[in-house]
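Hi,

Here is the structure I said I would pass on. Have a look at it first, and my notes follow underneath.

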Amino acid sequence: MKVAYFPVPKAANTSMKHLLHNIRTGEKYVGVRDEAKGTHRHIHKEYGTPKFSSINPKEYRGFFKIAIVRDPVDRVISAWRNRVVHHKELEGVKSARKIAELGINPKPSLSEFVYNIESYRFASSSIEIHTDSLTEFLGSTRSYYDIIFDISESRQIELFFSTLTGEPKKLPRKQVGGPPADRDELSAALIRKLESVYENDYQVFGHAFGKQSDDETIVRLAEKHKASLNGFFKRFTWGQWAKKTPNF
């Protein structure tokens, strides 16, 4: 049996890709340097984040399938902190025209962002992607996955991959820039709005939000699939993830 990870934006997506790249290559991800810009190719350019509708679920029959989820309210707050405030994605040229047409604030407070989330999603493709529902990336059948981690289970995720590889593995913290913020800053009405917008996510994956998996179960599952890991990497071709494949 082989292993497949299905990525979701704002649910340890960047961190997991760095971890899996390290497992695959034994090195930290640096990326090809763009000499003109003086920057390195971002890891998401190498390893994509496909929508579930773009893959053939039957192709992963026999794989041990892994997903990481996050409470939708917390995902939206994270998107505001990191994409809106830290990366200033609503203040760029690409979004300026739509922002002006909609008459919304390019520097919204968290409450403003949630209140007008439909408009902000329309104004920015990046904001749209980072606030798309979990089901957009994972489908609507939770039984499709062999294990679903909550984002808070970083220790359990590390335990799983450390056991799987036989080496200590750490989940790096990536894309954490932005001011402190949590759901206490939102009114009850705004929280209810988000719960309504992401109703399907709560129905399908709500059982996993905030859970803490049992260590013995994690170790048992990892040990069961440890022997197949090297065989999987031999089949892995560089760049296939960037096209559509959620394998690592």
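How many of the 7 residues of strand 4 are buried? Every one: strand 4, which covers residues 63–69, is mostly covered, with 7 of 7 residues buried. Before I go on, please keep in mind that this is a predicted model.

If you look along strand 4, you can sort its side chains by direction. Phe63, Lys65, Ala67 and Val69 point one way, while Phe64, Ile66 and Ile68 point the other way. Both sets are buried, and that includes Lys65.

Strand 4 also has partners. One is strand 1, residues 2–6, which runs parallel to strand 4 and is joined to it by 5 bridges. To find that pairing on your screen, start from Phe6, whose bridge partner in strand 4 is Ala67.

Another partner is strand 5, residues 147–150. Strand 4 and strand 5 pair in the parallel sense too, over 4 bridges. Here Ile66 has Ile147 as its bridge partner in strand 5, and Ala67 has Ile148. So you can use Ala67 as a landmark: its bridge partners include Phe6 and, in strand 5, Ile148.

Strand 5 can be read by direction as well. Ile147 and Phe149 point one way from the strand, Ile148 and Asp150 point the other way, and all are buried. Note that Asp150 is on that buried list.

Now for the protein as a whole. The secondary structure comes to 14 helices and 5 strands. There are 248 residues, and buried ones make up 48% of them. Taking the contacts with a separation of 6 or more, 80% are between residues 24 or more positions apart. The protein exposes about 12600 Å², and 49% of that is supplied by carbon and sulfur atoms.

One more place to visit is the second largest pocket, which holds about 180 Å³ of space. Which residues line the second largest pocket? From the earlier part of the sequence you have His18, Leu19, Asn22, Glu27, Lys28 and Tyr29, and from further along come Lys169, Lys170, Pro172 and Lys174. By type, the lining divides into 5 charged, 3 nonpolar and 2 polar residues.

Shout if you would like to go through any of this together.

Cheers

Conventions. Residues are numbered from 1 along each chain as its sequence is written. This is a predicted model: local features need pLDDT of at least 70, side-chain atom pairs count only at pLDDT 80 or more; totals for chains, interfaces and linings use all residues. Side-chain values use heavy atoms; hydrogens and water are left out. On a 1 Å grid over the protein atoms alone, a cavity is a set of points where a 1.4 Å probe fits but cannot get out, and a pocket is an open set with protein on both sides within 12 Å along at least five of seven lines; lining residues have an atom within 4 Å of a point. Grid points are joined across faces, edges and corners, and a volume is the space filled by probe spheres set on the points. Ala, Val, Leu, Ile, Met, Phe, Trp, Tyr, Cys and Pro count as nonpolar, Asp, Glu, Lys and Arg as charged, and the others, Gly among them, as polar. Helices (H or I, at least four residues) and strands (E, at least two) are DSSP runs, numbered from the N terminus. Buried means under 20% relative accessible area, exposed over 50%, partly exposed in between (1.4 Å probe, protein chains only). Contact means heavy atoms within 4.5 Å. Accessible areas come from the Shrake-Rupley method with a 1.4 Å probe; for residues, only the protein chains shown count as cover. Two strands pair if DSSP finds at least two bridges between them.
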